[in-house]
Amino acid sequence: MKNTIILSGLAAFIQVNAQQTVMPKLKDAAAFPVAFAIDPVRVRTNDLFRRTVLEHADGITATNCMKPSRISRQKGTFDFAEADELIAFAQANGKRVHGHTLVWYIDTAPAWMKQIRDSTQLENVLNGYIRTVGSHFKGKVASWDVVNEAFDNKTGAIRTDSIGHNGKTNLNLGRILGKDYVARMFQYAHQADPGALLFYNEYGQETNPAKLDAVIGMVADFKKRGIPIHGLGLQMHINIDTPDAGIEHALRKSSETGLMVHISELDISMNTAKTKPFKPTAEQLEAQYRKYRFVADAYKRLVPKAQQFGITTWGIADADSWIPGFCSCEDYPLLFDQGYQPKKALTGFVEGL
């Protein structure tokens, strides 16, 4: 009996490890590009991080180093060092680069820019910034998130508030520049790099019908006026309780625009109550596995192949996630654990792909 138990345990061990060995890389499992949002410092200093990017990703998005607050910390100055480092890494390894982001009202607007109150001055500054940055990366990035999060959560209208969800004073683009500023930013981006695909990037479409309708309405208006726009980014920072029907509705409605659809910042949190300390239960890990599988499958089913720009997770491993810092709580929302080992969530994602 003892030998039987030992052999049974060994067989199970071999079976599990065989499954891990043959688990396909994300870029091999998907019929569309799969990418990670990453930071060049981690690429340079963390071998596990770098290896995971090289093995699994078709493309990369810069988490922070291509945002205005990093590139133009002081008025009239442009620092491309970190972003260029990321571009060089991508080019050397055949990875597509998605630029993030040219215009955002929140923290990534440099402090000096937030002090501008005159509409003409701010318009000229943003135009100059977009032209300089877009021209610098021309031919090096495939696409840009031109404007990020322009719509109000409650009303679906263009934001005109000065205080963001982080409680800090933000750049009030809608009030200073008027409600049509988003269209002009897309025009400036197209002039800077006519070859880049231009995306509008937003969060909450899967749970906020007013915001989803506002984005769809903006696209229809842009098409009528000939404003250049090529794609929609659905950030999809969701959790294990996010309704599947809402995810499907957002993907379906976005696809109906005829634009490319990018799940641009995917992560799936488990600590919905934001408790401390937090250790996920077996049921929560199973729910995260199922949700990753569902998102990948829904994207594949509902977005026509010609419109599939791809899926990007915001970070690689739980050690990289922005969520614990944002909620001041513990959470484990990504595909790999803090040691860059595959989680059950990765199995679900691959199954969905």
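Strand β3 pairs with strand β4 (residues 143-148) in parallel, through five bridges. The model described here is predicted. Within this pairing, G99 of β3 has W144 of β4 as its bridge partner. On β3 there is a further pairing, with strand β2 (residues 59-62); three bridges join these two strands, which also run parallel. Here I60 stands opposite V97 of β3. Strand β3 itself spans residues 96-104 and is mostly covered. Eight of its nine residues are buried. The strand also holds T101. A cis peptide bond links H100 to T101, with omega at about -10°.

A second parallel pairing involves strands β5 (residues 197-202) and β6. Four bridges hold this pair. F199 faces G231 of β6 across the pairing. Strand β6 runs over residues 231-234 and is covered on both faces. G231 and G233 are buried on one side, and L232 and L234 are buried on the other.

E202 also belongs to β5. Its relative accessible area is 0%, so E202 is buried. The C-alpha atoms of E202 and L232 are 8.0 Å apart, while the two residues are separated by 30 positions along the chain. Leaving out residues up to four places away in sequence, E202 touches E149, A150, F151, K211, V215, G233, L234 and Q235. Two of these contacts, G233 and L234, are buried residues of β6.

E149, another of the residues touched by E202, has an unusual backbone setting in one respect: phi is positive, at about 55°, although E149 is not a glycine. E149 sits in the loop between β4 and α9 (173-177). Its relative accessibility is 5%, so E149 counts as buried. S328 likewise has a positive phi without being a glycine, with a value near 50°. This residue is placed in the loop between α14 (323-327) and α15. S328 has 47% relative accessibility and therefore counts as partly exposed. A cis peptide bond is also found between K276 and P277, where omega is about -10°. P277 lies in the loop that runs between β8 (260-269) and α13.

Two helix contacts were examined. Helix α13 (residues 282-302) and helix α15 (residues 344-352) have axes that come within 7 Å and cross at roughly 25°. The two helices are therefore roughly parallel. The crossing of α13 with α15 is right-handed. On the α13 side, the contact involves E286, Q288, Y289, Y292, R293, A296, D297 and K300. On the α15 side, the residues are K344, A345, T347, G348, F349, E351 and G352. By class, the residues of this contact are five nonpolar, four polar and six charged.

For helix α10 (residues 181-192) and helix α11 (residues 209-225), the axes come within 11 Å and cross at roughly 55°. This angle makes α10 oblique to α11. The crossing is again right-handed. Helix α10 contributes V182, A183 and F186, and helix α11 contributes M218, F222 and R225. The residues of this contact comprise five nonpolar, no polar and one charged.

Definitions and conventions:
Residues numbered from 1 in each chain as written. Predicted model: local features only at pLDDT ≥ 70, side-chain atom pairs only at ≥ 80, totals over all residues. Heavy atoms only, no water. Axes fitted to C-alpha atoms, helices over the stretch in contact; angles between N-to-C directions. Parallel < 35°, antiparallel > 145°, perpendicular 65-115°, else oblique. Left-handed = near helix turned anticlockwise from the far one by under 90°. Contact = heavy atoms within 4.5 Å. Nonpolar A, V, L, I, M, F, W, Y, C, P; charged D, E, K, R; others polar. Buried < 20%, exposed > 50% of the residue type's maximum accessible area, 1.4 Å probe, protein only. Pairing = 2+ DSSP bridges.
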